[in-house]
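Here is a short walk through one protein model. Keep the coordinates open and follow along.

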Amino acid sequence: MSDEVENQDEGAEAEVRSGHSSPMHPAHDPLLGQTFVDKYAINKKLGEGGFGAVYAATQLVVDRPVAVKVLRPDRASDPRVRDMLVKRFQREAIATSKLAHPNTVRLFDFGETAEGELFLVLELLTGRELSDAIRDDSPMHPARVARIARGMCMSLAEAHGQKIIHRDLKPANIFLCDFDGSADFVKVMDFGIARVQEVGQEQNLTQTGMT
């Protein structure tokens, strides 16, 4: 079960990265060039996992570039994996929808298609992951590290104020955007295993032995 979940996370978590496409399978994707849920023109595939993919798209009504993340839970043979994927996807939508800080990736839309595919529509980011910056630019100047850390803390402060604990902070989930003349504007991403506390209740979306 852990392999299936890991494949989904590692592949589809190209997330909202317009400048970070990975090589795709040569087989034609039926969504490419199509209008998704009558609102989003699918332009390019950014990443793909075992249970879904992330696409660069255009929100037609306002001509806005977005990232469309599609989950196909029917591809999971194990019903426990399928249930976990759906819950994690929904948790990402719920957690992100509560957050509005500029240092947190923005959620524009969430829903389910007639075919049972779940989707998130997020802002499309330009830049690179913090993991790439660490690999390419190390050693980083302490002042730069402090600026990046401050952006992360600003995002998390709002999340914690909403009783949302990210639980998966790592360089691959921190994106450094090219924004307003700065190449290090922080965006915290992927709240898929966040813990959201509501009225004294919380739900754990990880299990022993799962990645």
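Start with helix 2. This is a predicted model, and a simple length check on the helix is a good way in. Helix 2 has 19 residues, and at 1.5 Å a residue they should span 27 Å. The C-alpha atoms at its ends are 27 Å apart, so the expected and computed spans agree.

Now look at the start of this helix. Asp78 caps the N-terminal end. One of its side-chain oxygens lies 2.8 Å from the backbone nitrogen of Arg80.

Which residues of helix 2 are buried? The list includes Val81, Met84, Leu85, Val86 and Phe89. Charged side chains appear on it too, among them Arg88, Arg91 and Glu92. Ala93, Ala95 and Thr96 are also buried.

Next, the sheet. Six strands form an open sheet, with antiparallel pairing. Their order is 1-2-3-4-6-5. Strand 1 and strand 5 are the edges, because each pairs on one side only. Further in, strand 4 (residues 64-71) runs antiparallel to strand 6, and six bridges join the two. To find the register, take Lys69: this residue stands opposite Leu120 in strand 6.

Turn to the aromatic rings. A pair of rings is described by the distance of the centres and the angle of the planes. The model has three aromatic pairs. One of them is Phe36 with Phe119. Their ring centres are 5.2 Å apart and their planes stand at 85°. Planes over 60 degrees apart count as edge-to-face, so this pair is edge-to-face. The pair links distant parts of the chain. Phe36 sits in strand 1 (residues 35-36) and Phe119 in strand 6 (residues 118-123), 83 residues apart. Both Phe36 and Phe119 are buried.

Phe89 and Phe110 form another pair. Here the centres are 6.4 Å apart, within the 6.5 Å limit for pairing. The planes meet at 40°, so the pair is tilted. This contact brings helix and sheet together. Phe89 lies in helix 2 (residues 79-97) and Phe110 in strand 5 (residues 107-112), so the pair ties together parts that are 21 residues apart in sequence.

How buried or exposed are these two rings' residues? Phe89 has 3% relative accessibility, so it counts as buried. Phe110 has a relative accessible area of 34% and is therefore partly exposed.

One last ring contact involves a charge. The charged end of Arg64 sits over the ring of Phe108, 3.7 Å from the ring centre.

How values were computed. Residues numbered from 1 in each chain as written. Predicted model: local features only at pLDDT ≥ 70, side-chain atom pairs only at ≥ 80, totals over all residues. Heavy atoms only, no water. Phe/Tyr/Trp six-rings, centres within 6.5 Å; stacked < 30°, edge-to-face > 60°. Helix = DSSP H or I, 4+ residues; strand = E, 2+ residues; numbered from the N terminus. Buried < 20%, exposed > 50% of the residue type's maximum accessible area, 1.4 Å probe, protein only. Lys NZ or Arg CZ within 6 Å of the ring centre and 35° of its normal. Expected span 1.5 Å × (residues − 1). Polar contact = N/O pair within 3.5 Å; in protein donor to acceptor, adjacent residues only side chain to side chain.
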